[in-house]
Amino acid sequence: MKQSMMINGKEHEIDVDGDMPLLWFLRDRLEFTGTKFGCGSGLCGACTVHVNGQAVRSCVTSVSNLVDKEITTIEGLSEHGDHPLQKAWLNNNVPQCGYCQAGQIMNAASLLAVNASPSEDEIDTAMQGNICRCGTYQRIKKAIVEAADTLSKEV
Amino acid sequence: MSISTLSRRNFLKTAGVATGGLVLSVALPGNALAEKGIMKDANATLNAFIHLSDNGDTTIYCGRCEMGQGISTALPSAVADEMEADWQRVSVKQADGDEKFGPQATGGSASIRVMFQPMREAGATAKAMLIAAAAKVWKTSPDNCFAEKHFVINKTNQQKLGYGELASIAANMPVPEKPILKKKKDFNYIGTDLPRHDQGEVIVGQRTYGVDTKIPDLKYAAIVHCPVLGGSLKSIDKADALKMKGVSDVVVIPRFDIPFGSIGGVAVVADNSWTAQQAVKKLNIEWNLGDNASYDTKAYKKQLVANVEKPATLAAERGNIDTAFSNAKHKVSATYTGGHLSHAPMEPNASVVWVQKDSCEVWASTQSPADIQKVLGQYLKREPKDIVVHVAMAGGAFGRKFKCDYVHEAAVISQETGAPIQLIWSREEDMRTGYYHSINAQHIEASMDENGKVTGWLHRAAFPSIGTLFNPSLVRASAQTLGDVTDHLFGIENFRAESGDAKAHTRIGWYRAVYAIFYGFAFSTFADELAHKAKQDSLTFVTQLFDNNKNKDQQEQVQRAKKLLTSVAKKSAWHERSKLPKGQGIGLAVHYSFKSFVAMAVHVEVNGDDIKVLNVDCAIDCGQILNTDGATAQMEGAVVMGMSLALSTEITFREGAVVNSNFHNYPVMRISDMPNVRVHIADSDESPTGLGEPGVAPFAPALSNAVFAASGKRYRDLPFKPMPV
């Protein structure tokens, strides 16, 4: 029987080995390359996507566990790249090389979805699993706070 | 024929473009580089291309490689500024590997230092030609016209012509002999905080990196290397790997014994990266480990310490250190060490290579396309120019992607299989078989008189140098490699530098800031130790060390360094440090490297063994600033990298091989450790210099000095708190 998952609102048949991590299904099978490979062991957060709205490390999540699940990648976070986090990222000139930033943004989006106004400590705790080797942490924090402010004004 | 006439002749080319527009290709004058003595090859053509379509769309090519340092915004913005282009109409493209773009090897914090002036001239030349074109149309004199935001304007009647309308006419205008450059007060983009050109793509996942290259019929490869430098394959059983669904080939890659060639390994080719990675684990391999099989960094570091704590090979000498030492009121000595480091950029080594009978095409995250051309040319026995290199954005590099062993490996696999190959290294391979920052030891002895004036300084350093990549028989760093010790800006009348023995047992490579990491650490930490011994405050003491420098050739640098240190102390809480709560302290350091000056004041809180960095004030003097936000970002990043290497990261070898494997046992800094970083940029009209690396060096010594001020504990070994592996 055919199995599938929803990715960014569109159904995709799972036509690969069920053990294949979502990361490689996205990157090599579907050629959605916005989600990045960093460590392959869930240690760096570069591959973060949402499964049913929650941040997961796609490099250690097999596709067989994702049947009928809703996946959101950086490409699908917002229709026009205008999620408050994306806007805050631009406003604070966060990226340097930018490689980890999809994972950072997806992880932060998952945080804000459950905690609309996180404290600095809560941001640290939530974002601790996402490495940025260029060292943009100060701006990431600032951008998350700014996005949280925007979101609180929208409510 | 002089370089300038050569380049003038090649200066201008016109060509139709497929879209029907007209293209003004403005080649870069070579004279600016030649005059500075940077361009050694008089026959090289130096071009920076500005493409201007008849609708006004402007493409500016960036010849230097982008890896996050922001060069592909900084340099094109200088072109656009001089050209009076509207940045909104400009798109930036990364240039392929081609000598017409000038030196593309991106390292040594050199891009802005080398290319700022030529890029400005390229823009100014284009502007002059556009003005000449408009003057021709209006039958007036060019002096009666000026350019502004993508238009040329007639001063008499305020008529306007757009750059797009003028493109084809401008292309036939004579090339001005000496383009007139703008004055600082007239800059639109230079010296501003212009955002990076590609941020919009990053935040929606559309910015592509080397690892994201997709071409038709692509096959995916993973690799495992011989864990020890110089080892070789003894036996291999491929059966289990080949049985896996989706696996098509196993390719043995012999060690290619040239700089940047493969260390030797075995690759698996499959229809996706994951399958290839799984299959690599099923290879049954035995290695001959070779001569470096007993390399053990703990023992080796001990040996380096022993080698610097006894007389070593003379590198440089001034005055008479023996007399200074025998007349000393105080004598102080200390030994500093540091470990190997792995660059660990977030994007592992990756490239796509397709070797065909008559062509070879490469897509790679790289810092040096010319080295790819050289290495692949040598391997395939083809001319370097026949290797086409598309330079991809690198997801971090920090020196690692200067070395193209991973591209060479993809070429071998492609040649063996006939398929276009994407080879991605696993994080484990990146960490275990990379090129490492030198493990190192330094020993300093100094004498002071009764006033605390430093009268003599003996500096011994031992570390396997990068030179060993090119000459493996080197047994110690050369006098030239110790040049930054000898030429340090502290004024020391009686001085001796010695180089201790240090053979290389792994590949040593440039790592962001290179030797400045440990030179900066030793100089600025030891100065603080001397200040303590002399019962002086560190700022006064170091200022005195600069004042003692009577070398006329160094006066300008000495003054800039001194001024910067003084200013960073003022920006921080240094002068109020007596009021800090118990357990807090501030440490200072200033270091001159890669022609730029960076001073830091690090404010810490120490609780037992726990070190919390609260604030970092960072003052920079890099001459005329090109992009203030880019400069600030580089300093923030340098603090983070400096903190990783000061506190926690170290590569450990045992039985010849690296023990670390991934981020769980190579603990790079994470967000919760981020201090508040404030960057202060000195206003300067000096020639601009680079900032990619200079920020790293002063952090570790400033931290050591801060921890000492806070707790009385002195850290002399990098990293201060290594993770046991």
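**Notebook: helices, core and chain contact**

I began with a pair of helices in chain A: H3(A) and H5(A) pack at an angle of about 40 degrees, and their axes lie 11 Å apart. One caution for my bench colleagues: this is a predicted model.

How should I describe the arrangement of H3(A) and H5(A)? The angle falls outside the roughly parallel class, which takes angles under 35 degrees, and outside the roughly perpendicular one, 65 to 115, so I noted H3(A) and H5(A) as oblique to each other. I also looked up the handedness, and the crossing of H3(A) and H5(A) is right-handed. On the H3(A) side the contact uses Gln104(A), Ala108(A) and Leu112(A). H5(A) brings Ile140(A), Ile144(A), Ala147(A), Ala148(A) and Leu151(A). I like how the spacing reads here: an α-helix has 3.6 residues a turn, so residues three or four places apart point the same way. Sorted by class, this helix contact holds seven nonpolar residues, one polar and no charged ones.

Next I turned to H2(A). I found Pro84(A), Leu85(A), Gln86(A), Ala88(A) and Trp89(A) buried in this helix. Which helices do they pack against? They pack against H3 and H5 of chain A, the pair I had just been reading about. After H2(A) comes Asn93(A), and its phi is positive, near 45 degrees.

Then I checked where the two chains meet. Chain A puts 44 residues into the contact and chain B puts in 47. On the chain A side, the elements that give two or more residues are H1 (22-29), H2 (84-91), H3 (101-114), H4 (120-127) and H5 (137-154). H5(A) gives the most, with four residues. By class I recorded 22 nonpolar, 15 polar and seven charged residues on this side.

Over in chain B, I looked at H8(B), residues 273-281. How many of its nine residues are buried? Eight are, and the helix is mostly covered. Among the buried ones are Trp274(B), Gln277(B) and Val280(B). What covers them includes H1 of chain A, along with helix H7 (239-243) and strands S9 (219-225), S11 (247-253), S12 (265-270) and S19 (421-424) of chain B.

Last, the largest nonpolar core: I noted 285 residues in it. Those with the most contacts inside it are Leu130(B), Ala221(B), Ala267(B), Val268(B), Met600(B), Val602(B) and Phe699(B). Helix H4 of chain B, residues 111-138, gives the most to this core, with 15 residues. I followed up Met600(B): leaving out residues up to four places away in sequence, Met600(B) touches Val568(B), Ala589(B), Val616(B), Asp617(B), Cys618(B), Pro698(B), Phe699(B) and Ala702(B).

Technical notes. Residues numbered from 1 in each chain as written. Chains lettered and ligands numbered in written order. Predicted model: local features only at pLDDT ≥ 70, side-chain atom pairs only at ≥ 80, totals over all residues. Core = buried A, V, L, I, M, F, W, Y, C linked by C-beta atoms within 7 Å. Buried ≥ 20, exposed ≤ 12 C-beta atoms within 10 Å, placed from the backbone. Contact = placed C-beta atoms within 7 Å. Nonpolar A, V, L, I, M, F, W, Y, C, P; charged D, E, K, R; others polar. Axes fitted to C-alpha atoms, helices over the stretch in contact; angles between N-to-C directions. Parallel < 35°, antiparallel > 145°, perpendicular 65-115°, else oblique. Left-handed = near helix turned anticlockwise from the far one by under 90°.
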